[in-house]
Amino acid sequence: MAVYSESHVYDVLIVGAGPSGSSAAYWLAEAGYDVAVLERKHFPREKTCGDGLTPRAVRQLEDMGVGDALTGAHKYYGLRTCAYGRELELHWPEHPSFPPYGYVITRHDLDMLVAERAVKAGAHLFQETEAIGPIIDTSRPSERMSSSESGIPVQPAQEALPRLLGIRAKDVKSGQLADFRAHYIILAEGTASRISRAIGAKRDKRLPLGMALRGYYQSPRHDDPFIESHLDVRDENGDILPGYAWIFPLGDGRVNVGVGLITTSGRWKGVNTSNMMNTFISNAPSSWELCPENSCGPATGGRLPMGLSTVLKYGPNVLLTGDAAGSINPFNGEGISYGYETGRIAAACIGNALCGDGSDALYDYENRLQAAYGDYYKIGRTFVKMISHPEVMHRCVQLGMHSKPLMEWLLSIMANLLRPDSNAPAEFTYKLLAAVARVTPDPEDFKISLN
């Protein structure tokens, strides 16, 4: 158990022990740095998620040495896509860097595995410790200050986030306050992003935002070798929506069932995801036996910030990762692998900073994110704008469902599993789109709208 010391200054302090926080903690602790992680809950704990691990996520977990711990999870080999009475089974593509399989495992189990791996590497994990406010370095007169409800200074948005001395935290059980100090800080808070917002990070409303709802059901097909996606979801009136539904087998008697809606600029704001879910359950294939009697409990949901939609993700000694950075894939709503990856990128930047590069290494974080995801997410934003029009989505899905090769290409693109060494149709198409994206401004770039 980690022991708090008021006088101790860590090399790195991480807020949040989800995918990106635990990933960053592992890579930094493995490199020998003094790392502390603040986690509001106690592991194991529930977390709303689709629970599906794509090959990208599996690769990151294997790199962290967690691969063997996944052997008890349900292994699957591809995606079954369904729409307008047709089904296509699409295997994960062969790839030199990623395995041709994924897993379905609850975040209740998965997050604990990765956090424990970080602790084993040397990270100090403070559970049931809630971050309540930033401790901002006020020694710089150029920084304009205001006050938060907790009495801790708040930095308004500017070109970079402010320098932090640490984080004020509260013991969830006793209510006792404590100040954790560190040379560098990673905010891996997820979608709540309390500290991130307090220091000036905001979501760009021009960029995609997803809304999702999921629940668990007992099902005779709990060990199906494919995860299933439905691309013709409708509202209670039978109208097509710009979203999707999923059924992910867990292999333990249950399946994870959910619906997702992807929007831009407030479009479809009034859609009720609970009604979407009920409509999908009523119309789902009978072989899954999804019904109220087989429900394992009420559905839960949340927002999905996509496409690197957070404005200001770095400061002189602070970085935002995972959902706090808005890193979810706008093509498919996947966030776990990008949490692990952005946590790893942040760890590399801070490692360089601790080796002597200082703040310059943190300012390079945005460049690294853009190099990894910039073109891809720009194409994804265009994709989201297209499917926001029901008639466009309807025609595209109908066309795709009549061509398995086309859907296999789309799977490679949407799951970000393209081969850099290939000029196969999917890779060629993507390279063409990326070349166009680099020289074409986003239509939304001419607007400024922050939330």
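**Exercise 1. A hairpin and its neighbours**

Find the hairpin that strand 5 and strand 6 form, and work out how many residues lie between the two strands. Then describe how strand 5 pairs with its neighbours.

*Solution.* Keep in mind as you work that this is a predicted model.

Step 1. Begin at the turn: 2 residues separate strand 5 from strand 6 in the hairpin, and Tyr84 in that turn has a positive phi of about 50°.

Step 2. Now follow the pairing away from the turn. Strand 6 covers residues 86–91, and its pairing with strand 5 is antiparallel, with 6 bridges. To check the register, look at Leu79: its bridge partner in strand 6 is Leu90.

Step 3. Strand 5 also pairs with strand 16 (residues 227–230), here in the parallel sense and over 4 bridges. For the register, use Arg80, whose bridge partner in strand 16 is Glu228.

Step 4. Finish with the surroundings of strand 5, which spans residues 78–83: this strand is mostly covered, with 6 of its 6 residues buried.

**Exercise 2. Two packed helices**

Describe how helix 2 and helix 6 pack: what is the angle, and how far apart are the axes?

*Solution.* Two values are needed, since a pair of packed helices is described by the angle between the axes and the distance between them.

Step 1. Helix 2 (residues 55–63) packs against helix 6 (residues 336–357) at about 45°, and the axes are 8 Å apart.

Step 2. Classify the angle. Angles under 35 degrees count as roughly parallel, and roughly perpendicular begins at 65, so helix 2 and helix 6 are oblique to each other.

Step 3. Add the handedness: the crossing of these two helices is left-handed.

Step 4. Locate the contact. Helix 2 contributes Arg56, Ala57, Gln60, Leu61 and Asp63, which meet helix 6 residues including Tyr338, Tyr340 and Arg344.

**Exercise 3. Cysteines without a partner**

How many disulfides does the structure hold? Test the result on Cys296 and Cys355.

*Solution.*

Step 1. The count of disulfides is 0. Cys296 fits this, being in no disulfide: the nearest cysteine sulfur belongs to Cys291 and is 11 Å away.

Step 2. For Cys355, the closest cysteine sulfur is in Cys349, at 12 Å, which is too far for a bond. The cut-off to compare with is 2.5 Å.

Step 3. Compare exposure. Cys296 has 40% relative accessibility and so counts as partly exposed, whereas Cys355, at 63%, counts as exposed.

**Exercise 4. A residue in strand 9**

Is Ile135 buried or exposed?

*Solution.*

Step 1. Place the residue: Ile135 is part of strand 9, residues 129–136.

Step 2. Its relative accessible area is 11%, so Ile135 is buried; the cut-off is under 20%.

Notes
Residues are numbered from 1 along each chain as its sequence is written. This is a predicted model: local features need pLDDT of at least 70, side-chain atom pairs count only at pLDDT 80 or more; totals for chains, interfaces and linings use all residues. Side-chain values use heavy atoms; hydrogens and water are left out. Buried means under 20% relative accessible area, exposed over 50%, partly exposed in between (1.4 Å probe, protein chains only). Two strands pair if DSSP finds at least two bridges between them. Axes are lines fitted to C-alpha atoms, for helices over the stretch in contact, and angles run from 0 to 180 degrees between N-to-C directions. Angles under 35 degrees count as roughly parallel, over 145 as roughly antiparallel, 65 to 115 as roughly perpendicular and the rest as oblique. A crossing is left-handed if the near helix is turned anticlockwise from the far one by less than a right angle, and right-handed if clockwise. Contact means heavy atoms within 4.5 Å.
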